[in-house]
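Q: How should one read salt bridges, helix packing and backbone angles in a model of a protein? Please take the features one at a time.

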Amino acid sequence: MNGRRIGAFLSALFLAIGLAVLVPATSSSAATACAAAWSSSTVYVGGNTSSYNGHNWQAKWWTQGDTPGGSVGVWADQGACGSGSGGGTGGGSCSYPAWVAGQSYATGAIVLYSANGQYYIATHDNPGYDPIISTWYWSPYSCSGSGGGTGGSGGFVVSEAQFNQMFPNRNSFYTYSGLVAALSAYPGFATTGSATVQKQEAAAFLANVDHETGGLVYITEIDKSGNYCASESYGCPAGTYAYYGRGPIQLSWNFNYKAAGDALGVDLLDNPSLVETDAAISWKTGLWYWDTQTGPGTMTPHNAMVNGAGFGETIRSINGSIECNGGNTAEMQDRVNDYQAFTAILGVPAGANLTC
């Protein structure tokens, strides 16, 4: 090979190597952009796309309120989307869409605020308010993935996959992200004691919730005709029959709405319907009762679990002699069965003192 041909050959070789270095990664390795965030209030028809928990989803048929990835099967998973590692101060491996001003967000929606690289979770439905200005509607959010491992978003000991396993037929109102958003109101819940105790408490709370709501199916009690207006000095401004059971532990009576609202900084006495329309508030009322109320028992359900009194004492604090002390033993046993099933899902023993 003469010198000119050798030079031409080497030039072509170096050019090819240079191109191999400079050509960007193929589209298969690049992050797919996220579609607009899924909203429980939006109507979708077949072919529409939305993003949820770091994945794009495509609707197979008409739907409203059915969570992508849920048991209904209306959404087809189109794969991961977003920027991959998630960056920013949100930490973990988040991959949620960027916040868009003026775009409606449902409670539990998670967004990346591009200006500061921080993730935020919607604590109330809102029409696209700014996360760093409208702090009542948004809270900072940290995550470690989309909830598929042994722990969940925001450090919750129950992952989203485990939550869905516990409640395969749940009402779409009771979102996992709404529960995670509510945890900030009572930071001691499922974070006190050993890792086993933390999971036992989470299982105990969710087992009672399962019983109270028929598997997270009912948002309100079936018979709403009861008069839950006690003769307290603050009265019943929303109406005599407005304080029926709502939410995961079926908050009832005007005085409980008043006390829960005062504790949470929300006027539930005048607006009891918030417990059946705002997922985060609804979950917070359940945690309020769990962490602060003894009910007909002698201790809060939270203290019963973290101090070793056992699951049976949580039943006593919720329903007292109606189910305990030889009351309705079938209802009591249903709660126990749920608790044993949920501790098995979480991989921890149920412990002692399961009945009351």
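The dialogue below takes up salt bridges, then a helix and its surroundings, then backbone angles.

A: Please bear in mind throughout that this is a predicted model.

Q: How many salt bridges does a search of the whole structure find?

A: The search finds five salt bridges. The general test is one of distance: a side-chain nitrogen of Lys or Arg must lie within 4 Å of a carboxyl oxygen of Asp or Glu. Glu212 and Arg335 meet in this way, with N to O at 2.7 Å. Glu212 belongs to helix α4 (residues 195-213) and Arg335 to helix α10 (residues 329-346), so this salt bridge ties together parts that are 123 residues apart in sequence.

Q: Are Glu212 and Arg335 buried or exposed?

A: The general idea is to compare relative accessibility with a cut-off, since buried means under 20%. Glu212 has 21% and therefore counts as partly exposed. Arg335, at 0%, counts as buried.

Q: With which other residue does Arg335 form a salt bridge?

A: The partner is Glu323, and the closest N and O atoms are 2.8 Å apart. Arg335 lies in helix α10 whereas Glu323 lies in the loop between α9 and α10, so the pair links parts 12 residues apart in sequence. Arg335 and Glu323 are both buried. Through shared partners, salt bridges join Glu212, Glu323 and Arg335 into one network.

Q: Why do residues three or four places apart in an α-helix point the same way?

A: An α-helix has 3.6 residues a turn, so residues at that spacing point the same way. A case in this structure is the pair Glu313 and Arg316, both in helix α9 (residues 311-319) and three residues apart, about one turn of the helix. Their side chains meet in a salt bridge, N to O at 3.3 Å. Both Glu313 and Arg316 are buried.

Q: How many residues of α9 are buried?

A: For a whole helix, one asks how many of its residues are buried. In α9 eight of the nine residues are buried, so this helix is largely enclosed by the rest of the structure. Among the buried residues are Phe311, Gly312, Thr314 and Ile318. The cover over the buried residues of α9 includes α4, α7 (279-292), α8 (301-306) and α10.

Q: At what angle do α4 and α9 pack?

A: Packing is read from the angle and the distance between helix axes. For α4 and α9 the angle is about 45° and the axes are 10 Å apart. The two helices are therefore oblique to each other. The crossing of α4 with α9 is right-handed.

Q: Which residues of α4 and α9 meet?

A: From α4, Ala204, Ala207, Asn208 and Glu212 take part, and they meet Phe311, Thr314, Ile315 and Ile318 in α9. By class, this contact has five nonpolar, two polar and one charged residues. Glu212 thus appears in two settings: in this contact and in the salt bridge with Arg335.

Q: Where do residues with a positive phi lie?

A: Here one notes the residue type, its place and its accessibility. Gly320, with a positive phi near 50°, follows α9. Leu216 is not a glycine, yet its phi is positive, about 60°. Leu216 lies in the loop between α4 and α5 (254-264), and at 0% relative accessibility it counts as buried. Asn353, also not a glycine, has a positive phi of about 55°. Asn353 is found in the segment after α10, and at 49% relative accessibility it counts as partly exposed.

Conventions: Residues are numbered from 1 along each chain as its sequence is written. This is a predicted model: local features need pLDDT of at least 70, side-chain atom pairs count only at pLDDT 80 or more; totals for chains, interfaces and linings use all residues. Side-chain values use heavy atoms; hydrogens and water are left out. Helices (H or I, at least four residues) and strands (E, at least two) are DSSP runs, numbered from the N terminus. Buried means under 20% relative accessible area, exposed over 50%, partly exposed in between (1.4 Å probe, protein chains only). Axes are lines fitted to C-alpha atoms, for helices over the stretch in contact, and angles run from 0 to 180 degrees between N-to-C directions. Angles under 35 degrees count as roughly parallel, over 145 as roughly antiparallel, 65 to 115 as roughly perpendicular and the rest as oblique. A crossing is left-handed if the near helix is turned anticlockwise from the far one by less than a right angle, and right-handed if clockwise. Contact means heavy atoms within 4.5 Å. Ala, Val, Leu, Ile, Met, Phe, Trp, Tyr, Cys and Pro count as nonpolar, Asp, Glu, Lys and Arg as charged, and the others, Gly among them, as polar.
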